[in-house]
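Notebook open, model loaded. I'm jotting down what I look up as I go.

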Amino acid sequence: MSLQPGMYDFNLSEEQEKRAQRLHEQNINIDLLFQGPLSPRAIPAAVSEAIKELSEPYKEEPMIYSAMPAKWVTKLSASGEIPQYKEEWYMSGITAGNRELHLNDMESVITSMGEVQLQFDSADWLVKALTAEDIRRAKREGRVAGIVTAQETDALGTNLELLEVLHHFGLRILQLTYNKQNLIGSGCAEQANGGLSNFGVRFVERMNKLGIIVDTGHCGKQTTLDACKVSRTPVIASHTGAEAIYHHMRCKSDEEIIAIADTGGVIGVFAMPWFVHEDPDHTTIDHVLDHMEYVIRLVGVDHVGIGTDWPMSDLDWSLVYFKEHIAPKLGFAKGDGPSTETVAGLEKYSYFINFTRGLVARGYTDDEIAKMMGGNWLRVFEQICG
């Protein structure tokens with residue numbers, strides 16, 4: 001049978017295609033590191049050029065210049081000037097995806113809180129998910145849910161009271177470190193592999209008390225293991241891969257995967273070409289599914305989910321700039337992404353059904369697919385956030 005545009009060829013029968021479509025429509029699908037719903041391929045070329053012109057005045061300040069395209073995409077989507085924002089999200093079938101705060105410094109905290117809230121205020125079809133029931137309700141009502149998350153903690157310093165403020169705003173998932181060393185612990189790019197600091201232990205304990213999920217996506221090995229020992233609630237890795245499949249600093253060892261699963265947590269597998277396969281120009285969704293299957297074989301189907309982290313709501317020209325000028329400052333090796341490559345089968349978020357189709361092709365049951373596509377994330381979210 002002929003494939004629709006964007007449908008990766010899993011060689012499914014007509015009956016399997018119908019089953020995948022039914023499952024994708026009925027399941028609660030969650031992408032816990034959701035840079036979308038837009039991608040460079042979903043943003044019109046004219047919009048890309050207009051944003052480039054709007055960003056030019058900031059070119060002398062690389063960090064600001066690099067961040068401007070995503071900010072403009074948010075603003076133009078909120079004003080309705082990029083209708084593909086809503087269209088891509090609904091075509092993806094993703095019930096809930098994260099909306100990310102930036103906690104690099106106090107300016108970024110305030111700015112990103114405003115930008116995230118703007119997304120909720122400007123779209124009556126997008127709801128802020130504070131509890132698991134908010135996600136279920138969104139599914140019932142034909143809306144989609146945004147889960148407020150953050151990947152950095154630098155702006156908080158040692159002020160644990162700010163965690164409560166962010167929780168009031170809606171923060172429900174917080175990553176302890178981003179690649180490098182911080183006051184909490186060592187990131188995955190740190191040679192020291194120092195684990196949680198004394199302050200980091202108190203930080204995790206406060207997260208437990210507030211009901212904020214502990215995320216170890218970019219954490220170093222010992223930090224991940226320490227977090228699993230200290231946390232009284234399930235620990236997750238929102239976006240990572242299996243080191244045994246592809247040895248990269250952003251992937252988790254067997255020991256870490258087992259430790260996360262032992263807390264009742266979930267390992268979210270990403271779709272970043274540079275981190276799941278040796279050749280980013282020829283990485284496919286099958287390679288991503290290979291990582292998911294490895295986690296399943298190691299710790300079981302109850303502990304795997306999806307956190308794609310790619311593609312971004314950005315533009316080709318700004319992604320190239322990011323790779324050349326910004327990524328090295330964030331702890332990524334030269335040439336080690338992120339850039340313009342995408343996973344074949346996930347070039348746009350509207351192709352997200354390929355996850356369901358791929359899991360059908362690999363012989364999983366309806367219940368198993370429902371867990372991996374979002375049920376496992378929902379279970380942890382309900383247990384910790386209510």
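How many helices and strands does the secondary structure of the protein come to? I get 15 helices and 9 strands, taken as DSSP runs numbered from the N terminus (H or I, at least four residues, for helices; E, at least two, for strands).

Housekeeping before I go on: this is a predicted model, so local features need pLDDT of at least 70 and side-chain atom pairs count only at pLDDT 80 or more, while totals for chains, interfaces and linings use all residues. Residues are numbered from 1 along each chain as its sequence is written, and side-chain values use heavy atoms, with hydrogens and water left out.

Overall shape next. I find that the C-alpha trace spans about 60 × 50 × 40 Å along its principal axes. The radius of gyration is 19 Å, which agrees with the value near 21 Å for a compact globule of 386 residues; it is taken over C-alpha atoms, and the globule rule is 2.2 Å times the number of residues to the power 0.38.

I looked up burial too: 59% of the 386 residues count as buried, meaning under 20% relative accessible area with a 1.4 Å probe, protein chains only.

For contacts (heavy atoms within 4.5 Å), I note that residues 24 or more positions apart account for 74% of those with a separation of 6 or more.

Last, I picked T74, which lies in helix α3 (residues 62–78). Is T74 buried or exposed? T74 counts as buried because its relative accessibility is 18%. Leaving out residues up to four places away in sequence, I see T74 touching E115 and Q119.

How values were computed
Buried means under 20% relative accessible area, exposed over 50%, partly exposed in between (1.4 Å probe, protein chains only).
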